[in-house]
Amino acid sequence: MLGSGFDAEDAVQETMVRAWRAGEGFEGRSSVRSWLYRIATNVCLDMLRGRQRRARPMELGPSRPPVESSLEAVLPEGSWVSPIADERVLPPEADPAEVALARDSIRLAFIAMLQHLPARQRAALILCEVLRWQAAETAELLDTSVAAVNSALQRARATMASAGTEMTADQVGTQQRDLLARFVDAFERYDIDNLVKLLHDDAVQSMPPFAMWLRGSGDIGRFMLGPGASCRGSRLIPLAANGSPAFAQYKPDGHGGYMPWALQVIEISGDRIAGIHSFLDTEHLFPAFGLSSQLPAQAGHR
């Protein structure tokens, strides 16, 4: 809804505060679940008023060449979609189909597309398509009619379809795990020739907060051997973020250890990697993912 794991945490806290303050007035005319969702939805709608939509660098301008000067432009704070750990939002014990649907609902591309929708369309789509509420339940929560909810859903679905954004289960299987293992091996050895072979020809790479993004395996390889060459010697710690495989990247700190550098979210399509999205706000992201602020020297030896 908000496009940011940090904003979502703030929204949860505000929801709990509002629920506590309004607790004595709860008359039991609806379930506690519906009452809390109403409060949470209103919190999100309040937070979205007058706020610039979040996006991915690919939506904010053309791709850039893989040269140092492309790193000069920086996105304004809070303008990009930020990641969240799967464990914070996916149900730990649920039917595999439900988990797959929940995973797809937090993918970066899907969340970025949601930001294009008006807030109430966004709320209706999440309630009905992700949480599987009936239109009547959603109408009651949003203080509107069933007809209005169905109309909002129709417009939201059309917008999502026009952008080619669909919710489809795409779990990481044996083939994808092997691909990721080869990616880690190539990255940690900084074997860029082999790493590029794991990418789709039209793969993309982004690095918020930089506005720069790259398209094409060739440009990604040239960047890694050029301006990105300081990543040589990095170590990757496996994670899961936004329904996708992810890695915490630690770079050599010059003293034998490793320092946080980026949280990578990897997009896979078929048998190759379609996107590498490296979020550089490690000061906030690494604590949010429960990651260490430093890796000792021995952590660098596999």
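This passage describes a mixed sheet, the helices that pack on it, a helix pair and one buried histidine in a predicted model.

The sheet is open and contains 6 strands, arranged in the order S2-S1-S6-S5-S4-S3 with mixed pairing. Its edges are formed by strand S2 (213-215) and strand S3 (235-241); each has a single partner strand, so one side of each is left without a neighbour in the sheet. On average, and with direction ignored, neighbouring strands of this sheet are turned by 20 degrees against each other.

Three antiparallel pairings can be followed from the S3 edge inwards. S3 and S4 run antiparallel and are joined by 7 bridges. Within this pair, Ala241 lies opposite Ser244 of S4. The two strands make a hairpin with 2 residues between them, and Asn242 in the turn adopts a positive phi of about 50 degrees.

Strand S4 (residues 244-252) is in turn paired with strand S5 (residues 258-269), again in the antiparallel sense and over 7 bridges. Several residue pairs mark the register of these strands: Phe247 is opposite Gln264 in S5, Gln249 is opposite Ala262 in S5, and Tyr250 has Pro260 of S5 as its bridge partner. The hairpin of S4 and S5 has 5 residues between the strands, with Gly254 in the turn showing a positive phi of about 85 degrees. Of the 9 residues of S4, 8 are buried, so this strand is largely enclosed by the rest of the structure.

The pairing of S5 with S6 is likewise antiparallel and extends over 7 bridges. Glu267 has Gly275 in S6 as its bridge partner. A hairpin with 2 residues between the strands links S5 and S6, and Gly270 in its turn has a positive phi of about 65 degrees.

Helices are packed on this sheet. Helix H10 (residues 174-189) touches S3, S4, S5 and S6, and its direction makes about 145 degrees with that of S5. Helix H12 (residues 217-225) lies across S2, S6 and strand S1 (199-206), running at about 50 degrees to S1.

Strand S6 (residues 272-279) also holds His277. With a relative accessibility of 1%, His277 lies below the 20% limit and therefore counts as buried. The side chain of His277 makes a polar contact of 3.2 Å with that of Glu267. Glu267 thus appears twice in this region, as the bridge partner of Gly275 and as the polar contact of His277. Apart from residues up to four places away in sequence, the surroundings of His277 comprise Arg56, Met58, Leu108, Val204, Ser206, Leu263, Gln264, Val265 and Glu267. One of these residues, Gln264, is also the residue opposite Phe247 in the pairing of S4 with S5.

A further packing arrangement involves two helices. The axes of helix H7 (residues 119-130) and helix H9 (residues 146-162) come within 9 Å and cross at roughly 95 degrees. H7 and H9 are therefore roughly perpendicular to each other. On the H7 side, the contact is made by Gln121, Ala124, Leu125, Cys128 and Glu129, while H9 contributes Val149, Ala152, Leu153, Arg155, Ala156, Arg157 and Met160. By residue class, the contact of H7 with H9 comprises 8 nonpolar, 1 polar and 3 charged residues.

Key:
Residues are numbered from 1 along each chain as its sequence is written. This is a predicted model: local features need pLDDT of at least 70, side-chain atom pairs count only at pLDDT 80 or more; totals for chains, interfaces and linings use all residues. Side-chain values use heavy atoms; hydrogens and water are left out. Helices (H or I, at least four residues) and strands (E, at least two) are DSSP runs, numbered from the N terminus. Buried means under 20% relative accessible area, exposed over 50%, partly exposed in between (1.4 Å probe, protein chains only). A polar contact is a pair of N or O atoms within 3.5 Å; within protein, one must be able to donate a hydrogen and the other to accept it, and residues adjacent in sequence count only if both atoms are side-chain atoms. Contact means heavy atoms within 4.5 Å. Axes are lines fitted to C-alpha atoms, for helices over the stretch in contact, and angles run from 0 to 180 degrees between N-to-C directions. Angles under 35 degrees count as roughly parallel, over 145 as roughly antiparallel, 65 to 115 as roughly perpendicular and the rest as oblique. Ala, Val, Leu, Ile, Met, Phe, Trp, Tyr, Cys and Pro count as nonpolar, Asp, Glu, Lys and Arg as charged, and the others, Gly among them, as polar. Two strands pair if DSSP finds at least two bridges between them.
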